Amino acid sequence: MKSVKEHITESKILDRLKKYPQCLELVKYLFNDLELQELQEYANNVSIKRLGYNDHGPVHMRQVVGNAIKMLKILHETGIPTSLEKEEIGTFEDSMSAVILAGMMHDLGMAIGRQGHEEMSVMLAQPLFDRTLMHLYPDDLHKRVIIKSVATEAIIGHMSSRKIHSIEAGILLIADGCDMTKGRARIPLSINKTPRVGDIHKYSANAINRIGIHRGERKPIKIDIEMSGDVGFFQIEEVLLTKIDSSPAKQYVELYAGVEGQERKCYL
């Protein structure tokens, strides 16, 4: 059964896609895919209960999709083409569809383990890609090929460990890094009481109050982060900045962060 937070996140995604019928049909299909739901929930079980990591399950994957949609829409509205558009091989909705697919499946590999989980995610996602795309576009081989290829690139590149080249994959990379608020750390902090190496990621995420994604002033996308304490800077500098630096979309992003009540620090 889906959680209240999943339903809320899904509603926000559906609302943001009202003007994009192809993408709307895609997310409705994915939100009702029982196998995908089971895989997401099991990946989260392994991540939190077995490995002691932050949330890597259905809420996180939906949140990443929501972040990516926000950023892609801003690029579109400011006249910045995606890679598929620039290369005249696909439409904006094709690009967004690829990012949605990748976002919903990028952490499935946590069901197997943390090391190399992006490669495991690609492996687990392929049959879901094929089934989903064949259902939605049975007579359009071209669309199935380009969406699957870009989605695969986005998943394989979401840990900054492999060079990626498309704007679409770059947006997913940043969208993943932007899901680091205290909600992701709440459950692992309550379950795992014994100190262990890597806890700084949970405590740092727990200091992130809010992350805003808006139209920028100097660049198209503005990411604004509010923290409750300085420990949150670790999450920004060690996780988010690493992902932005590796992203082909870096040139379109400005980044601000600071402790609540204090002046924001400009990173980009």
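This is a short dialogue on reading features of a predicted model.

Biologist: What should I know about the numbering and the model before I start?

Modeller: Residues are numbered from 1 along each chain as its sequence is written. The model is predicted, so local features need pLDDT of at least 70 and side-chain atom pairs pLDDT 80 or more, while totals for chains, interfaces and linings use all residues; side-chain values use heavy atoms, with hydrogens and water left out.

Biologist: How many helices and strands does the protein chain have?

Modeller: Helices (H or I, at least four residues) and strands (E, at least two) are DSSP runs, numbered from the N terminus. Here the protein chain has 12 helices and four strands.

Biologist: Why is the chain called as compact as a globular protein of its length?

Modeller: The radius of gyration is taken over C-alpha atoms, and the globule rule is 2.2 Å times the number of residues to the power 0.38. For 268 residues the rule gives 18 Å, and the radius of gyration of the protein chain is 18 Å, so the chain is as compact as a globular protein of that length. The C-alpha trace spans about 55 × 45 × 35 Å along its principal axes.

Biologist: What percentage of the residues is buried?

Modeller: Buried means under 20% relative accessible area, exposed over 50%, and partly exposed in between (1.4 Å probe, protein chains only). Buried residues make up 58% of the 268 in the protein chain.

Biologist: Which residues does a buried position such as D176 touch?

Modeller: Contact means heavy atoms within 4.5 Å. D176 is in helix α9 (residues 167-177), and its relative accessibility is 7%, so D176 counts as buried. Not counting residues up to four places away in sequence, D176 touches H60, V64, H106, H158 and K243.

Biologist: And where is I74?

Modeller: I74 is in helix α4 and is buried, with a relative accessible area of 8%. Leaving aside neighbours within four places in sequence, I74 is in contact with I213, H214, R215, P220 and I221. I74 and I213 are 139 residues apart in sequence, and their C-alpha atoms are 9.4 Å apart in space. Across the protein chain, 68% of the contacts with a separation of 6 or more join residues 24 or more positions apart.

Biologist: How many salt bridges are there?

Modeller: Side chains of opposite charge can pair when their charged atoms come close. A salt bridge is a side-chain nitrogen of Lys or Arg within 4 Å of a carboxyl oxygen of Asp or Glu. A search of the whole structure finds 17 of them.

Biologist: Are the residues of the R62 and E6 salt bridge buried or exposed?

Modeller: Both R62 and E6 are buried. Their side chains meet in a salt bridge at 3.9 Å, N to O. This pair links distant parts of the chain, with R62 in helix α4 (residues 58-77) and E6 in helix α1 (residues 4-16), 56 residues apart.

Biologist: Which residue forms a salt bridge with E217?

Modeller: E217 pairs with K222, the closest N and O atoms being 3.3 Å apart. E217 is exposed, with a relative accessible area of 62%, whereas K222, at 17% relative accessibility, counts as buried.

Biologist: Where do E237 and K265 lie?

Modeller: E237 forms a salt bridge with K265, and their closest N and O atoms are 3.7 Å apart. The pair links distant parts of the chain: E237 is in helix α12 (residues 232-245) and K265 in strand β4 (residues 265-266), 28 residues apart. E237 counts as partly exposed at 35% relative accessibility, and K265 counts as partly exposed at 42%.
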